[in-house]
Amino acid sequence: MRDYLKARVKELGLEGVRVNSAGCLDRCELGPVMVIYPEGIWYGVRAYEDLDEILREHLVGGRTVERLMLPEQGGGQGAIAPCGGAGGGAPARA
């Protein structure tokens with residue numbers, strides 16, 4: 001997912017967006033997660049289509065994607081990472 005997201009951010013020419021890797025964010029029971037900063041919005045990501053929707057709606061359009069938002073937004077560093085941290089990465093505004 002991280003490589004896909006990095007490629008899509010580059011294709012879309014999103015200035016000021018970084019895709020970073022991180023380890024487990026203590027929310028492994030929710031599957032892969034993504035945090036967008038500076039807003040601190042947490043998303044659960046199940047498919048590549050979810051990533052595209054977050055890119056289109058949140059990063060380009062400035063609107064949160066309610067259906068993918070995680071309950072009780074929590075701390076940690078921004079990432080899309082399965083438990084153990086392999087292959088993580090999240091868009092973050094610079």
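Colleague: Which way do the residues on the two sides of strand β3 (residues 41-44) count, as buried or exposed?
Modeller: Ile41 and Tyr43 on one side are buried, and so are Trp42 and Gly44 on the other. Buried means under 20% relative accessible area, exposed over 50%, and partly exposed in between (1.4 Å probe, protein chains only). The model is predicted: local features need pLDDT of at least 70, side-chain atom pairs count only at pLDDT 80 or more, and totals for chains, interfaces and linings use all residues. Residues are numbered from 1 along each chain as its sequence is written, and side-chain values use heavy atoms, with hydrogens and water left out.

Colleague: What pattern do the helices and strands follow along the protein chain?
Modeller: The pattern is α-β-β-β-α-β, with two helices and four strands in the chain. These are DSSP runs numbered from the N terminus: H or I over at least four residues for a helix, E over at least two for a strand.

Colleague: How do you know that β2 and β3 pair?
Modeller: Two strands pair if DSSP finds at least two bridges between them. Strand β2 (residues 33-36) and β3 have four bridges, in the antiparallel sense, so by that rule they pair. Val35 has Trp42 as its bridge partner, and Met34 has Tyr43. Four residues lie between the strands of this hairpin, and Gly40 takes a positive phi near 70 degrees.

Colleague: Which residues of β2 point one way and which the other?
Modeller: Val33 and Val35 point one way, Met34 and Ile36 the other, and all are buried. In a regular strand the side chains alternate between the two faces of the sheet.

Colleague: Why is the contact between Arg67 and Glu53 called a salt bridge?
Modeller: A salt bridge needs a side-chain nitrogen of Lys or Arg within 4 Å of a carboxyl oxygen of Asp or Glu. The closest N and O atoms of Arg67 and Glu53 are 2.6 Å apart, so the pair meets the rule. Arg67 lies in the loop between α2 (48-60) and β4 (90-93) and Glu53 in helix α2, so the salt bridge ties together parts that are 14 residues apart in sequence.

Colleague: What makes Glu53 buried or exposed?
Modeller: The relative accessible area of Glu53 is 18%, so it counts as buried. Arg67, at 56%, counts as exposed. Leaving aside neighbours within four places in sequence, Glu53 is in contact with His58, Val65, Arg67 and Leu68, where contact means heavy atoms within 4.5 Å.

Colleague: How many salt bridges does a search of the whole structure find?
Modeller: It finds seven. One of them joins the side chains of Arg2 and Asp3, at 4.0 Å from N to O. Arg2, at a relative accessible area of 24%, is partly exposed, whereas Asp3, at 57%, is exposed. Another joins Arg8 and Glu11, at 2.7 Å from N to O. Arg8 and Glu11 are three residues apart in helix α1 (residues 2-12), so about one helical turn separates them. Glu11 has 58% relative accessibility and therefore counts as exposed. Salt bridges also link Arg8, Glu11 and Asp52 in a network.

Colleague: Which residues touch the most other members of the largest nonpolar core?
Modeller: They are Leu5, Val9, Met34, Tyr43 and Ile54, in a core of 16 residues. At least two residues of this core come from each of α1, β1 (17-20), β2, β3 and α2. Helix α2 gives the largest share, four residues. Another core lies apart, with five residues, among them Leu25, Val35, Trp42 and Leu70. What makes such a set a nonpolar core is that its members are buried Ala, Val, Leu, Ile, Met, Phe, Trp, Tyr and Cys residues joined through side-chain atoms within 4.5 Å.

Colleague: What share of the residues of the protein chain counts as buried?
Modeller: The share is 41% of the 94 residues. The chain exposes about 5000 Å², and carbon and sulfur atoms supply 50% of that; accessible areas come from the Shrake-Rupley method with a 1.4 Å probe, and for residues only the protein chains shown count as cover. Among contacts between residues at least 6 apart in sequence, 65% join residues at least 24 apart.
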